[in-house]
Amino acid sequence: MPLTPYSGPIIDSHLHLFDPRRPQGIPWPEPGNRLYAAHLPTDYWALASQHNVVGAIAVEASPWRDDNRWLLETLRNEPRMLGFVGNLDPLHEGFVADLDTLADEPLFLGLRYGNLWDRDLLEDRTRPGFIDGLRQLAASGRSLDSANPNPRLIKALLHLSDAVPELRIIVDHLPNAQVPKGEEAVYHADLLRLAERPNVFAKLAEIPQTGPQGLITDTAFYNDRLAALWEAFGEDRCFFGSDWPNSDHLADFATTLGLVKRCMADKPEAVQAKFFLHNAVRIYTPTHGAQ
(Lines give C-alpha, C1' and ligand atoms only; values in the text may rest on other atoms or scores of the structure.)
Protein backbone atom coordinates (compact mmCIF):
# COMPACT_ATOMS: atom_id res chain seq x y z
CA MET A 1 0.00 0.00 0.00
CA PRO A 2 1.55 3.33 -1.06
CA LEU A 3 2.66 5.61 1.72
CA THR A 4 1.75 9.27 1.99
CA PRO A 5 3.99 11.51 -0.14
CA TYR A 6 6.65 13.38 1.78
CA SER A 7 5.47 16.59 3.45
CA GLY A 8 8.55 17.62 5.46
CA PRO A 9 11.17 20.29 4.77
CA ILE A 10 13.05 20.10 1.47
CA ILE A 11 16.46 21.13 0.17
CA ASP A 12 16.53 21.66 -3.57
CA SER A 13 20.04 20.73 -4.68
CA HIS A 14 19.84 21.92 -8.29
CA LEU A 15 18.63 25.24 -9.61
CA HIS A 16 20.07 27.83 -11.97
CA LEU A 17 20.27 31.60 -11.55
CA PHE A 18 21.01 34.16 -14.27
CA ASP A 19 20.15 37.69 -15.34
CA PRO A 20 20.28 38.71 -19.03
CA ARG A 21 19.85 42.37 -18.03
CA ARG A 22 23.51 42.52 -17.01
CA PRO A 23 25.68 44.73 -19.26
CA GLN A 24 27.72 41.70 -20.35
CA GLY A 25 24.63 39.55 -20.89
CA ILE A 26 24.67 35.79 -20.33
CA PRO A 27 25.92 32.85 -22.41
CA TRP A 28 22.81 30.78 -21.64
CA PRO A 29 19.92 30.85 -22.22
CA GLU A 30 20.10 32.70 -25.52
CA PRO A 31 17.66 35.38 -26.69
CA GLY A 32 14.50 33.73 -27.96
CA ASN A 33 14.65 30.97 -25.35
CA ARG A 34 11.55 31.15 -23.13
CA LEU A 35 13.89 31.23 -20.11
CA TYR A 36 15.63 34.38 -21.36
CA ALA A 37 14.62 36.55 -18.39
CA ALA A 38 15.94 37.24 -14.93
CA HIS A 39 15.81 34.19 -12.66
CA LEU A 40 17.08 35.26 -9.26
CA PRO A 41 16.65 34.02 -5.67
CA THR A 42 13.54 36.15 -5.13
CA ASP A 43 11.91 34.55 -8.18
CA TYR A 44 12.76 31.07 -6.97
CA TRP A 45 11.55 31.58 -3.41
CA ALA A 46 8.28 33.07 -4.61
CA LEU A 47 7.56 29.59 -5.97
CA ALA A 48 9.42 27.26 -3.64
CA SER A 49 8.79 28.62 -0.16
CA GLN A 50 5.11 27.67 -0.28
CA HIS A 51 6.16 24.02 -0.75
CA ASN A 52 8.26 23.81 2.41
CA VAL A 53 11.56 24.22 0.57
CA VAL A 54 13.88 25.54 3.28
CA GLY A 55 17.21 25.60 1.45
CA ALA A 56 18.60 25.45 -2.06
CA ILE A 57 21.87 25.03 -3.96
CA ALA A 58 22.59 26.92 -7.16
CA VAL A 59 24.52 25.31 -10.00
CA GLU A 60 26.40 27.66 -12.30
CA ALA A 61 24.93 27.79 -15.81
CA SER A 62 27.75 29.82 -17.34
CA PRO A 63 31.33 28.90 -18.36
CA TRP A 64 32.55 32.46 -17.80
CA ARG A 65 35.09 32.60 -14.94
CA ASP A 66 33.75 35.91 -13.63
CA ASP A 67 30.27 34.46 -13.27
CA ASN A 68 31.41 32.38 -10.31
CA ARG A 69 31.87 35.68 -8.49
CA TRP A 70 28.52 36.98 -9.75
CA LEU A 71 26.74 33.90 -8.48
CA LEU A 72 28.52 34.08 -5.13
CA GLU A 73 27.50 37.71 -4.63
CA THR A 74 23.94 36.91 -5.72
CA LEU A 75 23.65 34.33 -2.93
CA ARG A 76 25.29 36.25 -0.12
CA ASN A 77 22.21 38.07 1.17
CA GLU A 78 19.80 35.14 0.94
CA PRO A 79 20.39 32.77 3.88
CA ARG A 80 18.16 30.07 2.40
CA MET A 81 20.64 29.72 -0.46
CA LEU A 82 23.04 27.20 1.04
CA GLY A 83 25.77 27.53 -1.55
CA PHE A 84 26.69 27.06 -5.17
CA VAL A 85 28.44 24.68 -7.54
CA GLY A 86 30.77 26.74 -9.68
CA ASN A 87 32.16 26.35 -13.16
CA LEU A 88 35.95 26.34 -13.61
CA ASP A 89 38.07 24.57 -16.20
CA PRO A 90 41.01 22.58 -14.74
CA LEU A 91 42.78 23.08 -18.07
CA HIS A 92 42.68 26.88 -17.80
CA GLU A 93 45.90 28.59 -16.76
CA GLY A 94 44.06 30.47 -14.01
CA PHE A 95 42.42 27.39 -12.48
CA VAL A 96 44.65 27.07 -9.42
CA ALA A 97 44.35 30.74 -8.51
CA ASP A 98 40.58 30.72 -9.06
CA LEU A 99 40.13 27.59 -6.98
CA ASP A 100 42.30 28.98 -4.17
CA THR A 101 40.15 32.11 -4.07
CA LEU A 102 36.88 30.20 -4.01
CA ALA A 103 38.17 27.72 -1.42
CA ASP A 104 38.01 30.49 1.18
CA GLU A 105 34.28 30.98 0.53
CA PRO A 106 31.93 28.87 2.69
CA LEU A 107 29.23 29.12 0.01
CA PHE A 108 31.46 27.43 -2.55
CA LEU A 109 30.51 23.74 -2.62
CA GLY A 110 32.21 22.40 -5.73
CA LEU A 111 32.56 22.54 -9.50
CA ARG A 112 30.67 21.11 -12.45
CA TYR A 113 32.36 19.59 -15.49
CA GLY A 114 30.97 17.22 -18.09
CA ASN A 115 29.17 17.24 -21.42
CA LEU A 116 28.63 20.99 -21.28
CA TRP A 117 30.06 23.93 -23.19
CA ASP A 118 31.63 21.66 -25.83
CA ARG A 119 33.66 19.87 -23.17
CA ASP A 120 34.36 16.15 -23.27
CA LEU A 121 35.34 14.68 -19.92
CA LEU A 122 36.47 11.36 -21.37
CA GLU A 123 38.99 13.16 -23.58
CA ASP A 124 39.81 16.08 -21.30
CA ARG A 125 40.77 13.87 -18.36
CA THR A 126 43.79 12.70 -20.40
CA ARG A 127 45.11 16.23 -20.98
CA PRO A 128 48.13 17.40 -18.95
CA GLY A 129 47.09 19.04 -15.68
CA PHE A 130 43.45 17.98 -15.67
CA ILE A 131 43.70 15.21 -13.07
CA ASP A 132 46.02 17.38 -10.96
CA GLY A 133 43.35 20.08 -10.98
CA LEU A 134 40.71 17.67 -9.72
CA ARG A 135 43.08 16.42 -7.03
CA GLN A 136 43.30 20.04 -5.88
CA LEU A 137 39.51 20.25 -5.92
CA ALA A 138 39.33 17.14 -3.72
CA ALA A 139 41.98 18.57 -1.40
CA SER A 140 39.85 21.69 -0.97
CA GLY A 141 37.10 19.43 0.41
CA ARG A 142 34.74 20.19 -2.46
CA SER A 143 32.92 17.90 -4.88
CA LEU A 144 32.53 17.53 -8.63
CA ASP A 145 29.11 17.65 -10.31
CA SER A 146 28.95 16.16 -13.78
CA ALA A 147 26.29 16.41 -16.50
CA ASN A 148 24.73 15.54 -18.86
CA PRO A 149 24.80 11.74 -18.53
CA ASN A 150 25.37 9.44 -21.49
CA PRO A 151 27.54 6.33 -21.92
CA ARG A 152 30.64 8.39 -22.67
CA LEU A 153 30.26 10.49 -19.53
CA ILE A 154 29.70 7.49 -17.27
CA LYS A 155 32.82 5.82 -18.67
CA ALA A 156 34.76 9.04 -18.08
CA LEU A 157 33.59 9.20 -14.48
CA LEU A 158 34.75 5.64 -13.92
CA HIS A 159 38.25 6.59 -15.06
CA LEU A 160 38.11 9.77 -13.00
CA SER A 161 37.06 7.92 -9.87
CA ASP A 162 39.96 5.52 -10.35
CA ALA A 163 42.40 8.41 -10.76
CA VAL A 164 41.07 10.52 -7.86
CA PRO A 165 39.21 8.13 -5.52
CA GLU A 166 39.04 10.75 -2.76
CA LEU A 167 36.98 13.10 -4.95
CA ARG A 168 33.24 13.15 -4.28
CA ILE A 169 31.47 12.86 -7.64
CA ILE A 170 27.82 13.82 -8.10
CA VAL A 171 26.16 12.62 -11.30
CA ASP A 172 23.46 15.12 -12.26
CA HIS A 173 20.23 14.31 -14.11
CA LEU A 174 20.71 10.54 -14.10
CA PRO A 175 17.02 9.68 -14.62
CA ASN A 176 17.23 11.47 -17.98
CA ALA A 177 20.42 9.87 -19.29
CA GLN A 178 20.65 9.80 -23.08
CA VAL A 179 21.59 6.25 -24.09
CA PRO A 180 21.69 5.45 -27.83
CA LYS A 181 20.24 2.16 -29.04
CA GLY A 182 22.79 -0.59 -28.93
CA GLU A 183 24.71 0.98 -26.04
CA GLU A 184 22.30 0.13 -23.23
CA ALA A 185 24.13 -2.94 -21.92
CA VAL A 186 27.54 -1.25 -21.73
CA TYR A 187 26.02 1.87 -20.21
CA HIS A 188 24.21 -0.02 -17.45
CA ALA A 189 27.25 -2.15 -16.69
CA ASP A 190 29.42 0.96 -16.36
CA LEU A 191 26.77 2.70 -14.26
CA LEU A 192 26.64 -0.23 -11.84
CA ARG A 193 30.43 -0.22 -11.58
CA LEU A 194 30.34 3.51 -10.91
CA ALA A 195 27.68 3.06 -8.23
CA GLU A 196 30.00 0.67 -6.39
CA ARG A 197 32.28 3.62 -5.58
CA PRO A 198 31.20 5.04 -2.18
CA ASN A 199 32.23 8.56 -3.19
CA VAL A 200 29.83 8.69 -6.16
CA PHE A 201 26.30 10.06 -5.71
CA ALA A 202 23.15 10.33 -7.84
CA LYS A 203 21.30 13.62 -8.05
CA LEU A 204 17.84 12.66 -9.31
CA ALA A 205 16.96 15.86 -11.11
CA GLU A 206 15.15 15.87 -14.47
CA ILE A 207 12.80 13.05 -13.46
CA PRO A 208 9.69 14.35 -15.32
CA GLN A 209 9.35 13.27 -18.97
CA THR A 210 6.94 14.10 -21.77
CA GLY A 211 5.07 11.90 -24.23
CA PRO A 212 2.69 12.51 -27.14
CA GLN A 213 0.09 13.85 -24.69
CA GLY A 214 2.49 16.12 -22.81
CA LEU A 215 3.83 15.58 -19.30
CA ILE A 216 3.67 11.95 -18.18
CA THR A 217 2.02 12.03 -14.76
CA ASP A 218 1.58 8.27 -14.23
CA THR A 219 4.29 7.30 -11.76
CA ALA A 220 4.33 3.74 -13.13
CA PHE A 221 6.15 5.13 -16.19
CA TYR A 222 9.09 6.14 -13.97
CA ASN A 223 9.20 3.14 -11.64
CA ASP A 224 11.70 0.89 -13.40
CA ARG A 225 14.29 3.57 -14.14
CA LEU A 226 14.13 5.06 -10.65
CA ALA A 227 14.16 1.65 -9.00
CA ALA A 228 17.33 0.72 -10.90
CA LEU A 229 19.09 3.89 -9.77
CA TRP A 230 17.85 3.48 -6.22
CA GLU A 231 19.05 -0.11 -6.06
CA ALA A 232 22.44 0.86 -7.49
CA PHE A 233 23.17 3.89 -5.31
CA GLY A 234 21.02 3.24 -2.24
CA GLU A 235 19.01 5.49 0.02
CA ASP A 236 22.05 7.38 1.33
CA ARG A 237 23.41 8.46 -2.04
CA CYS A 238 20.31 9.58 -3.98
CA PHE A 239 18.90 13.06 -3.51
CA PHE A 240 16.52 15.65 -4.97
CA GLY A 241 17.04 18.54 -7.36
CA SER A 242 14.34 20.43 -9.25
CA ASP A 243 16.44 21.80 -12.15
CA TRP A 244 14.45 25.06 -11.92
CA PRO A 245 13.91 27.02 -14.15
CA ASN A 246 15.08 24.63 -16.87
CA SER A 247 12.37 22.26 -15.65
CA ASP A 248 9.73 24.82 -16.63
CA HIS A 249 9.81 23.59 -20.24
CA LEU A 250 8.12 20.43 -18.93
CA ALA A 251 6.03 21.61 -16.00
CA ASP A 252 5.83 24.32 -13.38
CA PHE A 253 7.65 23.97 -10.06
CA ALA A 254 4.64 22.69 -8.11
CA THR A 255 3.85 20.02 -10.71
CA THR A 256 7.48 18.87 -10.91
CA LEU A 257 7.83 18.59 -7.15
CA GLY A 258 4.47 16.87 -6.79
CA LEU A 259 5.38 14.26 -9.38
CA VAL A 260 8.72 13.52 -7.70
CA LYS A 261 7.00 13.19 -4.34
CA ARG A 262 4.54 10.67 -5.76
CA CYS A 263 7.40 8.70 -7.30
CA MET A 264 9.03 8.44 -3.86
CA ALA A 265 5.84 7.86 -1.87
CA ASP A 266 6.28 4.08 -1.61
CA LYS A 267 9.36 4.53 0.58
CA PRO A 268 9.31 4.89 4.38
CA GLU A 269 9.06 8.44 5.66
CA ALA A 270 12.61 8.41 7.04
CA VAL A 271 13.97 7.34 3.65
CA GLN A 272 12.00 10.07 1.88
CA ALA A 273 13.45 12.57 4.34
CA LYS A 274 16.94 11.46 3.37
CA PHE A 275 16.13 11.98 -0.29
CA PHE A 276 14.46 15.38 0.04
CA LEU A 277 16.47 16.86 2.91
CA HIS A 278 19.33 15.15 4.69
CA ASN A 279 21.43 13.63 1.91
CA ALA A 280 22.08 16.91 0.09
CA VAL A 281 23.42 18.53 3.25
CA ARG A 282 25.75 15.64 4.01
CA ILE A 283 26.96 15.18 0.44
CA TYR A 284 27.64 18.83 -0.30
CA THR A 285 29.14 19.85 3.04
CA PRO A 286 32.87 20.56 2.45
CA THR A 287 34.89 17.84 4.10
CA HIS A 288 37.02 18.63 7.12
CA GLY A 289 40.74 18.51 6.79
CA ALA A 290 40.67 20.27 3.43
CA GLN A 291 43.85 21.97 2.42
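Biologist: How much of the chain's accessible surface belongs to carbon and sulfur atoms?
Modeller: Keep in mind that this is a predicted model. The accessible surface of the chain adds up to about 13,000 Å². The share that belongs to carbon and sulfur atoms is 52%.

Biologist: What radius of gyration does the chain have, and what would a compact globule have?
Modeller: Let's start from the length, which is 291 residues. A compact globule with that many residues would come out near 19 Å, and the chain agrees with that, since its own value is 18 Å.

Biologist: And what part of the chain is buried?
Modeller: Here a residue counts as buried when its relative accessible area is under 20%. Out of the 291 residues, the buried part is 54%.

Biologist: How many disulfides are there?
Modeller: A disulfide needs two cysteine sulfur atoms within 2.5 Å. For Cys 238, the nearest cysteine sulfur is that of Cys 263, and it sits 13 Å away. Cys 263 likewise has the sulfur of Cys 238 as its nearest, at 13 Å. That is over the cut-off, so the count is 0.

Biologist: Is Cys 238 buried or exposed?
Modeller: The cut-off for buried is under 20% relative accessible area. Cys 238 has 0%, so this cysteine is buried.

Biologist: What about Cys 263, buried or exposed?
Modeller: Same approach. Its relative accessible area is 7%, so Cys 263 is buried.

Biologist: How many helices and strands does the chain have?
Modeller: Both kinds of element turn up in this chain. The tally is 10 helices and 10 strands.

Terms used: Residues are numbered from 1 along each chain as its sequence is written. This is a predicted model: local features need pLDDT of at least 70, side-chain atom pairs count only at pLDDT 80 or more; totals for chains, interfaces and linings use all residues. Side-chain values use heavy atoms; hydrogens and water are left out. Buried means under 20% relative accessible area, exposed over 50%, partly exposed in between (1.4 Å probe, protein chains only). Helices (H or I, at least four residues) and strands (E, at least two) are DSSP runs, numbered from the N terminus. The radius of gyration is taken over C-alpha atoms; the globule rule is 2.2 Å times the number of residues to the power 0.38. Accessible areas come from the Shrake-Rupley method with a 1.4 Å probe; for residues, only the protein chains shown count as cover.
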